Amino acid sequence: MTKMNNREFAGIQEGIRYFLIHLSLEFVCYYFLMHVFSEIYQIWMIYLAYDVFAFAFQSVIGKYFDQNGKGHPGIIGYIMCGTAVTIGLRYTSLVIPCMVIMAIGNGFVHISGAIVTLKASKGGLTSVAIFVGGGAVGVFLGKNFSDKNLIWLIVVITLIAIKVMKMKDKKWFEDTSEDNNVTLYDYVIGKHAFFSIVLMFFVIVIRSYMGYGIPMYWNQSILTQFILCIALCVGKAVGGVFSDIFGAKKVAMISTILSFPLVLLGGNHMVISILGIMLFSMTMSITLGAIVSILPGAYGFAFGITTFALLIGSLPAFFGVRCGNITLGIATILSVCIFGYVLKGKQQS
């Protein structure tokens, strides 16, 4: 097989591999959440707790593995998830501590995916964008199969995922050569360090908050839920691919501008709404690429910053605070301005 030299398509195999690992991980976690907690009246509190433990500590986990090549975060995380879910399904008195362990383990696996796909991408965003797209599909499957008794499948998935990571990932966590690609992520104008990170963090918070305000009156069935999760998956992946081909700045600004009227007009029109949601999702890998550019080599820590921002942006929705059309419009304008200020044009291959 001919080795790919073009940066735009480097690491695609790793992206696909971690897409499947990510999908299976979210399937396991959301199967457990819905199977165990679906009868609880205040289930939103469970989801909030899960998100806090899964997202809030990823920057700490990432920083440790960025600086210390010992151990494998993905294997550690999947052992935590698989063990916690298996025990929690059998012993109902332990479901809360098992949920906490599972959530933290989820964060470990995310850090593994980020480090591997960013290192493999040689400065591009395609691989990491494919990886993050798997989560939406896994969440959908986990929720919709939660009424089945699938503890055996959880065990099988856990063992396979651990085996695959053990076989394939060793070089990425012991590699200290130039293949780490620490100098290849160069998406930010002038690298205004802290200020640019703050701006990207703000954009991610906005995107997370806006995501809960998108009107989707058409989403009333399992089929439409599936279509929505595919749209999110494709949007995230395509955002990385297009960024590597056409340039992150152009893709971020155009997709953000075009998404606004489509998500507003598509409240009752699925096709229009889906197009808007796909465009809206395309900037996820771009914001990560910008932060990695400012923090060269800090792949896990940078990814953890983005997940913490997603958590912050989601908090208002848990307490019933949704953004209206005017807020969506203002947030869109701010995001476009920030992308225009921070990001460079097309990168050289």
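Reader: In which helix does Ile154 have its place?

Author: This is a predicted model, numbered from 1 along each chain as its sequence is written. Local features need pLDDT of at least 70, side-chain atom pairs count only at pLDDT 80 or more, and totals for chains, interfaces and linings use all residues, while side-chain values use heavy atoms and leave out hydrogens and water. Ile154 belongs to a helix (a DSSP run of H or I, at least four residues, numbered from the N terminus) that spans residues 151–168, namely α7.

Reader: Is Ile154 buried or exposed?

Author: The relative accessibility of Ile154 is 0%. Buried means under 20% relative accessible area, exposed over 50%, and partly exposed in between (1.4 Å probe, protein chains only). At 0%, Ile154 therefore counts as buried.

Reader: What distance separates the C-alpha atoms of Ile154 and Cys29?

Author: Along the chain, Ile154 and Cys29 are 125 residues apart. In space, the separation of their C-alpha atoms is 9.6 Å.

Reader: Which residue forms a salt bridge with Arg17?

Author: The whole structure contains two salt bridges, each a side-chain nitrogen of Lys or Arg within 4 Å of a carboxyl oxygen of Asp or Glu. Arg17 and its partner are both buried and lie three residues apart, about one turn, in helix α1 (residues 12–37). With its closest N and O atoms 2.4 Å apart, the pair joins Arg17 to Glu14.

Reader: How many residues apart in sequence are the parts that Asp186 and Lys344 tie together?

Author: The side chains of Asp186 and Lys344 meet in a salt bridge with an N to O distance of 2.9 Å. Asp186 lies in the loop between α8 (170–174) and α9, and Lys344 in the segment after α15, so the parts that the pair ties together are apart in sequence by 158 residues.

Reader: What is the relative accessible area of Lys344?

Author: Its partner Asp186 is partly exposed, at 23% relative accessibility. Lys344 is also partly exposed. Its relative accessible area is 27%.

Reader: Which elements give two or more residues to the lining of the largest cavity?

Author: A cavity is a set of points on a 1 Å grid over the protein atoms alone where a 1.4 Å probe fits but cannot get out, and lining residues have an atom within 4 Å of a point. The largest cavity has a volume (the space filled by probe spheres set on the points) of about 110 Å³. Of its 13 lining residues, the closest to the centre are Arg207, Thr256, Phe280, Thr283 and Ser335. The elements that give two or more residues are α9 (193–211), α11 (248–265), α12 (270–281) and α15 (325–342).

Technical notes:
1 Å grid on protein atoms, 1.4 Å probe; cavity = no way out; pocket = protein on both sides within 12 Å on 5 of 7 lines; lining within 4 Å.
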